[in-house]
Amino acid sequence: MPDYGNEIRFGWFLVPDAHSPQAALDTAAVLDRAGFDLVGIQDHPYQRGFLDAWTLLSAIAARTEQLSVFPDVASLPLRPPAVLAKSAASLDLLSGGRVELGLGAGAMWDAIAAMGGPRRTPGESVQALREAVAVIRLMWSGERSIRFDGDFYSVNGVHPGPVPAHPIGVWIGGYKPRMLHLVGEIGDGWLPSLGYIDDDGIATASATIDAAATAAGRDPSSIRRILNVGGDIPLDDLPRRLSSLALDHGIDTFILGGHPTDESLTYLAQEVLPRVRDGVAGGR
């Protein structure tokens, strides 16, 4: 698969542990000082042990200066898209343009239903996501009044706004053909996770995304490829492995994870991640 030539970026998958709320903010501050680019927060509102993702993202944005923040990924069935768009745009303005939007069709349907959300079939969830992206972008459009009439989401004469400080990327998480076609047709990024997909799967999925993008008249290189890596790759193999994923499969953003300490995050940022950037630059 091609290297799409996009800037290589690094983030951290920060667990929103409600039992250690200050620790999450302290880790974000270390990530900011160390030079990480992003922090992603999983969004499971029904998980009693987790902080609310948007509240934590807002607190992190207030605590940091350079770090971009994003839900990894937002639980669409529990977050109406027009309100989600306003939340994202508001935080983007408050943070000086440091918000991206990871978006998922939904999972853990029993838990979603228990919290009052809808229960959707796979086909319904893909269509609902497509409609949600349309509503979100209309809410960011700056138009005086917008209308959208979908099967799952509608807006009828609402006055949208605010307009975000920068063009917020809509990064879509998904693995199956219908979701991959959706990414290629309307997404700004694809957001899978290692453990749910391997190298062969990434290659096949990227080819599907590229074909859908080309068919829709879009440049495949305009779609960012963001990969949740986790902490399973040995540290001494990390530069080679991430460089290979970038050069062979077009991954441009790596969201790492694990059990962070100030020392380990600083070491990663100063010693390991520059080797990845150098390896990618040397291979291009």
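Six of the seven residues of strand 10 are buried, which means that this strand is largely enclosed by the rest of the structure, as described here from a predicted model. The chain arrives at strand 10 from strand 9 by way of helix 7 (residues 199-215), and the β-α-β crossover formed in this way is right-handed. Beyond strand 10, helix 8 (residues 238-249) leads on to strand 11, and these three elements make a right-handed β-α-β unit.

Strand 10 belongs to an open sheet of nine strands, whose order is 3-2-1-11-10-9-8-5-4 and whose pairing is parallel. The edges of this sheet are formed by strand 3 (68-71) and strand 4 (74-75), each of which pairs on one side only. In that order strand 10 stands between strand 11 and strand 9, and its pairing with each of them is set out below.

| Pair | Residues of the partner strand | Sense | Bridges | Residues standing opposite |
|---|---|---|---|---|
| Strand 9 and strand 10 | strand 9, residues 189-190 | parallel | two bridges | W190 and R225 |
| Strand 10 and strand 11 | strand 11, residues 253-256 | parallel | four bridges | N228 and I255 |

Strand 10 itself covers residues 224-230. Toward strand 9, R225 of strand 10 stands opposite W190, while on the side of strand 11, N228 stands opposite I255. As a general point, the strands of a sheet pair through backbone hydrogen bonds, in either a parallel or an antiparallel manner; in the sheet described here, the pairing is parallel.

Conventions: Residues are numbered from 1 along each chain as its sequence is written. This is a predicted model: local features need pLDDT of at least 70, side-chain atom pairs count only at pLDDT 80 or more; totals for chains, interfaces and linings use all residues. Side-chain values use heavy atoms; hydrogens and water are left out. Two strands pair if DSSP finds at least two bridges between them. Buried means under 20% relative accessible area, exposed over 50%, partly exposed in between (1.4 Å probe, protein chains only). A crossover is right-handed if, with the strands pointing away from the viewer, the path from the first strand over the helix to the second runs clockwise.
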